[in-house]
Amino acid sequence: MPAFTLQASPSKPPLFLFDFIFLANSNSSSSNTSLTLDQVEFVIANANGVAATTGASHSTVSITIVGASGDLAKKKIFPALFALFYDGHLPQHFTVCGYARSKMTDEELRLKISGNLTCRIDRSENCGDKMEEFLKRCFYHPGQYDSLENFAQLNEKLKGHEQGRIAHRLFYLSVPPNVFVDAAKCGSLAASSSTGWTRVIVEKPFGRDSESSAQLTSGLKQYLNEDQIYRIDHYLGKELVENLSVLRFSNLVFEPLWSRKYIRNVQIIFAEDFGTEGRGGYFDRYGIIRDIMQNHLLQIVALFAMEPPVSLDAEDVRNEKVKVVRSMRPLSIEDTAVGQYKGYSKDGVRFPGYTDDSTVPKNSITPTFAAAALFIDNARWDGVPFLMKAGKALQTRRTEIRVQFRHVPGNLFKRNLGTELDKATNELVIRVQPDEAIYLKINNKVPGLGMRLDRSTLDLLYADRYSKEIPDAYERLLLDAIAGERRLFIRSDELDAAWKIFTPLLKDLERKKTAPELYPYGSRGPVGAHYLAAKHNVKWGDV
Ligand SMILES: NC(=O)C1=CN([C@@H]2O[C@H](COP(=O)(O)OP(=O)(O)OC[C@H]3O[C@@H](n4cnc5c(N)ncnc54)[C@H](OP(=O)(O)O)[C@@H]3O)[C@@H](O)[C@H]2O)C=CC1
Ligand SMILES: O=C1O[C@H](COP(=O)(O)O)[C@@H](O)[C@H](O)[C@H]1O
C-alpha cells in the first residue's frame, strides 16, 4: 500500500502515532495486519510531527493567505507558520502564498513579514538559516478577491510550486467579512486542488447577528462543504482553554464538583490594557459583545460547562458544545452592563478616548466594555450565574476563568474564618493569559499554636512547571487545519446557537440606543459591572 493511501478520510486524517497504527491495521482487509515499510516511514514521520496528512514526499501543502497585506497576516499567521516550520511540524513540501490586492513582489512580501518572525527562545539554534529557508518558500500573488481570473492565475502559480505532487490546499481568509464569500467562491471555483483536499479557514466575525451569520453560512456553503470550512476562534487554540477538558475530565477532584451543587458562580474575564488603536473602523461596526463575548468568551463557557463528550473526536466534542449552548438563556438587557472608554491624562501623558480615534464617529455609542450574566437552563447549571466581562483600555491585560465555590455547610471553622464567609470559600482560577496558571484558593491553618486560618494558594504557574515555550494559538489551529482536525473549529450549528443567545440583546441595545457608561482609559471599567454582579449576589474575583 503506498504511504499516502493511509489517509482514509480527507476530512479527518489521523493525528497521532496510535491513530496511524490503528488506521493502518483497520485499513488492511487481509489477515496480514503488519505495516509495510512505506507505512512505517509514514507513521514515524507523522509521529515526529513531520508531513502530517501528506504522505511524506508524494504530496505537498499550499497555504494561501488571502489578505496577506493585512495586520493579522503579518502579526499572527506568517509568524505561526514559521514557528511550525521551525519546530518541524510542517510537511516536507509546502508553499506559503500571500494573496491580496496590494501590489507587492515576492521579495517585498518576505521583507514585510520577516520582522515578525521569531525563533523559540528555548531553542534558538540555526534561527537565521531556518528563517531564510522559510522565506524562500513564501511567495506573493496580487489579485482582486472577486476575480475568478486572478484566482485562476494563482492556481497556475501554485501548480508550478506543487511540481506534480498530490496537492493539498489551505486558504486562510484573513480579510474583512464583506469579502469572505467572494474569496471563498473564487478560491473554490478557480483554485481548488484537483488532486488533494481543499480547506478554507474563515476568520471572525461570522456575521453581526443571527440573520447575517446565516447568510454568510449559506453564502459559503454555495461553494464549500461544511467539512471544508474551518471557522477559527483563536481562543480555542490557547493552551489553557485546550486544557479545560483535561482539567475536568482527567482529575477526579474537579469533575464531581462541577455543578450547581458545589459551584456558586463562574466568572469569565477578558481585559485589555489598550484601546482599539488602529482597528476603530472595524470595531465600531461590531463592539465588544460581538468582538469578544459572542465568540471567545462563549466558547470558554461552552467547554467549561458541557457534559463529558463520548470521545475527543471533533463531532463528539462539538455535539456537547452545541447542546450546552442551546441550553443557555438568551441574554437580556437587564442582565447586561455596557461601557465605553474615555480619554484620560496622567503625569502629562494623554490616553485617547474611544471616540478620539479618527475612524470612529464622534457620537458613537459602541460599547468597548460589557458585562453580562448568563444562565444555563439545564440540570447541571440551573441557577448558577456565569458572569462574563470583557473590556478594552482597562488597567490590566488578563483573561481568566474564576470558579467560586459554595460555603462549606456547617463549617466547623466558621469562628476562625471571620465575618466575611464569602472570602473564605474556595476559588479556582484558570489564568489563560498572561502568565498562564491554575491556582486554587484554600483555607489553611497558620502554623503555630492556636487555631488561626488564612487563605493560601495551591499554585501551578506554567512558567515554573514547564520549561517549554507555549505555542501561539494560531500555531495549534493552523496545524490542526492542515491535519484535518476540526475539534477546535466552530461548526455552523454551534454558531447559530451562539447567535441566538446574543442577537436579542444586541438588537435591544441598538433599538434603545443604550448609552454606554463612560470609564477612563486605564481604569477598572464602569461601576455598572459591579451592580450587575451584586444583583446576582456575586463579587468579581479580579478586583
Ligand atoms: N487583526 C487582528 O488582530 C484580528 C483580526 N481578525 C479578523 O481577521 C481578518 C483580517 O484582519 P486584519 O488583517 O486586521 O484586517 P485588515 O483590515 O488589515 O485587512 C486585511 C487585508 O484585506 C484587504 N482589505 C481591507 N479592507 C478591505 C475592504 N474593505 N475590501 C476588500 N479588501 C479589504 C487589505 O488588503 P489589500 O488592500 O492589499 O487587498 C488588507 O490588507 C478580519 O476578518 C478580522 O476581523 C480576527 C481576530 C484578530
Ligand atoms: O479576536 C480578537 O482578539 C484580540 C485579543 O486576542 P488575544 O489573543 O491577544 O487575547 C482582540 O484584541 C481583538 O479585538 C479581537 O478582534
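The largest nonpolar core of this predicted model has 130 residues. Those with the most contacts inside this core are Leu173, Met293, Leu297, Val301, Ala370 and Met388. If you would like one element to start from, take helix H10, which spans residues 280-305. Helix H10 gives the most to the core, with 12 residues. Where does this core lie relative to domain 1 and domain 2? Domain 1 (3-232) and domain 2 (237-535) both give residues to the core, so it lies between them.

Let us look at one of those well-connected residues, leucine 297. Setting aside its neighbours within four places in sequence, leucine 297 is in contact with Ile268, Phe270, Ile292, Met388 and Ala390. One of these partners, Met388, is itself among the residues with the most contacts inside the core.

Now step back to the chain as a whole. Its secondary structure comes to 15 helices and 17 strands. Of the 543 residues in the protein chain, 43% are buried. Contacts can also be sorted by how far apart the partners are in sequence. Among contacts between residues at least 6 apart in sequence, 77% join residues at least 24 apart.

Lysine 157 gives us a single example of such distant partners. You will find lysine 157 in helix H6, which runs over residues 148-162. Lysine 157 and cysteine 97 are 60 residues apart in sequence, yet 9.2 Å apart in space from C-alpha to C-alpha. Not counting residues up to four places away in sequence, lysine 157 touches Cys97, Phe139 and His141. Why does lysine 157 count as partly exposed? It has 19 C-beta neighbours inside 10 Å, whereas a buried residue needs 20 or more.

Our last stop is helix H8, residues 210-221. Helix H8 has 12 residues and reaches 16 Å from its first C-alpha to its last, close to the 16 Å expected at 1.5 Å a residue. Which residues of H8 are buried? They are Ser210, Ser213, Leu216 and Leu220. Seen down the axis of H8, these buried residues fall within an arc of 130°, so they line one face of the helix. On the other side of H8, Glu211, Gln215 and Ser218 are exposed.

What do the buried residues of H8 pack against? Their partners are two helices, H7 (180-191) and H14 (492-511), along with two strands, E5 (198-202) and E6 (229-231). Try turning the model until you look down the axis of H8, and find the face that its buried residues line.

Conventions
Residues are numbered from 1 along each chain as its sequence is written. Chains are lettered from A and ligands numbered from 1 in the order in which they are written. This is a predicted model: local features need pLDDT of at least 70, side-chain atom pairs count only at pLDDT 80 or more; totals for chains, interfaces and linings use all residues. Helices (H or I, at least four residues) and strands (E, at least two) are DSSP runs, numbered from the N terminus. The expected span of a helix is 1.5 Å times one less than its number of residues. A residue is buried if 20 or more other C-beta atoms lie within 10 Å of its own, exposed if 12 or fewer, and partly exposed in between; C-beta atoms are placed from the backbone. The arc is that of the directions from the helix axis to the C-beta atoms. Two residues are in contact if their C-beta atoms, placed from the backbone, lie within 7 Å. A nonpolar core is a set of buried Ala, Val, Leu, Ile, Met, Phe, Trp, Tyr and Cys residues joined through C-beta atoms within 7 Å. Domain bounds come from an automatic or database domain assignment.
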